[in-house]
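User: Please take a close look at one part of this model, the part where the analysis below begins. I want its surroundings described, and then what lies around those.

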Amino acid sequence: MNKTTTISTKESWKMLWSSSAARFQIIFGSILIAILLAVMPFFFNTIEQRKGLQINDWVLNQIPPHNVSVAIFAIIWGMGLLAFYRAARKPAMYVTYVWSYSAIILLRFFTISVIKLDPPAGLIHLIDPLTGIFYGNATITKDLFFSGHTATLCLIYLTLEKRSDKVIGFIATASVMVLLLVQHVHYTMDVLVAPVAVYPIFKLVTWMLGNKGKE
């Protein structure tokens, strides 16, 4: 990163921090996401103990299960690094992401609690040593409706602003949706509903925060 870019990045954060509303968004958004991430292991371990319904998924029935965990997490963490880099240079993106992601987590808590499902037939466990800490380092299989991996990538896609980034984000999201089905980690409806759930949340949060186009 050259000197001009470094100064530009610092100035962006300085300008945003000078606003009391923006400071509130940054501080409380960060606190909220931290609290939710801390609660996640307890929530997921609780739902893992209950009985649910196993759905006869026609699409999954046509796909022999394969372990594609490496590809899934290579895409997810690659997109996460890209999003972090862009947000570091444009802090309004960070604010939008943390508040949107917090809302998505809360919605998933609700939908997973209400819609009790057992994992699909042929499931191959998806294990990531990094994100595993948010599951209490346990194997969780019943956080199904809707897909958190798909939702995360969809939110990154929506938050990114450069056209080339969005193309990469779209391909990454679509690829992970397919790979999750290949590994039988989710039902078809889990991955299809995720973008439908994320889009209105992103638009609402963006409107409420007033971050559209904010430098």
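Analyst: Leu106 lies in helix H5. Helices here are DSSP runs of H or I with at least four residues, strands are E runs of at least two, and both are numbered from the N terminus. The model is predicted, with local features needing pLDDT of at least 70 and side-chain atom pairs pLDDT 80 or more, while totals for chains, interfaces and linings use all residues. Residues are numbered from 1 along each chain as its sequence is written, and side-chain values use heavy atoms, with hydrogens and water left out.

Leu106 has a relative accessibility of 46%, so it counts as partly exposed. The cut-offs are under 20% relative accessible area for buried and over 50% for exposed, with partly exposed in between, using a 1.4 Å probe and protein chains only. Across from Leu106 is Leu36, 70 residues away along the chain, with 8.1 Å between the two C-alpha atoms.

Next comes Ile105. Setting aside neighbours within four places in sequence, Ile105 contacts Ile33, Leu36, Leu37 and Met40. Contact means heavy atoms within 4.5 Å. Leu36 therefore appears in this contact list as well as in the C-alpha pair with Leu106.

Now the core. A nonpolar core is a set of buried Ala, Val, Leu, Ile, Met, Phe, Trp, Tyr and Cys residues joined through side-chain atoms within 4.5 Å. The largest one has 28 residues, and Phe44, Ile104, Ile105 and Val198 have the most contacts inside it. Two or more residues come from each of helix H2 (20–47), helix H5 (91–114), helix H6 (148–159) and helix H8 (188–209). H2 gives the most, eight residues. A second, separate core holds 27 residues, including Val68, Ile156, Val182 and Val185.

Aromatic rings come next. Each pair is described by the distance of the centres and the angle of the planes. Rings of Phe, Tyr and Trp (its six-membered ring) pair when their centres lie within 6.5 Å; planes under 30 degrees apart are stacked, over 60 edge-to-face, and the rest tilted. Six aromatic pairs turn up in the whole structure. One of them joins Phe24 and Phe28: the centres are 4.6 Å apart and the planes at 35°, so this pair is tilted. Phe24 and Phe28 are four residues apart in helix H2, which means a separation of about one helical turn. Phe24 is partly exposed at 44%, and Phe28 is partly exposed at 43%.

Phe43 and Phe109 form another tilted pair, with ring centres 4.4 Å apart and planes at 35°. This pair links distant parts of the chain: Phe43 is in helix H2 and Phe109 in helix H5, 66 residues apart. Both Phe43 and Phe109 are buried. With Phe44 they make one aromatic cluster.

H8, another contributor to the largest core, has 22 residues. Its expected span is 1.5 Å times one less than its number of residues. For those 22 residues of H8 that gives 32 Å, and the end C-alpha atoms are 33 Å apart, which agrees. Buried residues in H8 include Val191, Ala194, Val198, Ile201, Phe202 and Val205. The buried residues of H8 pack against H2, helix H3 (58–61), H5, H6 and H7. After H8 comes Gly210, with a positive phi near 70°.

Then there is Lys166, in helix H7 (residues 163–182). The charged end of Lys166 sits over the ring of Tyr157, 4.6 Å from its centre. That label requires NZ of Lys or CZ of Arg within 6 Å of the ring centre and within 35 degrees of the ring normal. Lys166 is partly exposed, at 24%. Beyond four places in sequence, it touches Tyr157, Leu158, Leu160 and Glu161. The C-alpha atoms of Lys166 and Ile156 are 8.8 Å apart, and these two are ten residues apart along the chain.

Arg86 also contacts Leu160. It lies in helix H4 (residues 69–89) and is buried at 16%. Its contacts beyond four places in sequence are Met93, Leu160, Lys162 and Asp165.

Finally, the record. An unreviewed UniProt entry places "transmembrane region" at 21–44, 64–85, 97–115, 144–160, 167–185 and 191–210. UniProt positions follow the numbering used here, feature names are shortened, and annotations may be inferred rather than shown by experiment. Residues 144–160 are 71% helix and 0% strand, with end C-alpha atoms 26 Å apart. Residues 191–210 are 95% helix and 0% strand, with ends 29 Å apart by C-alpha atoms.
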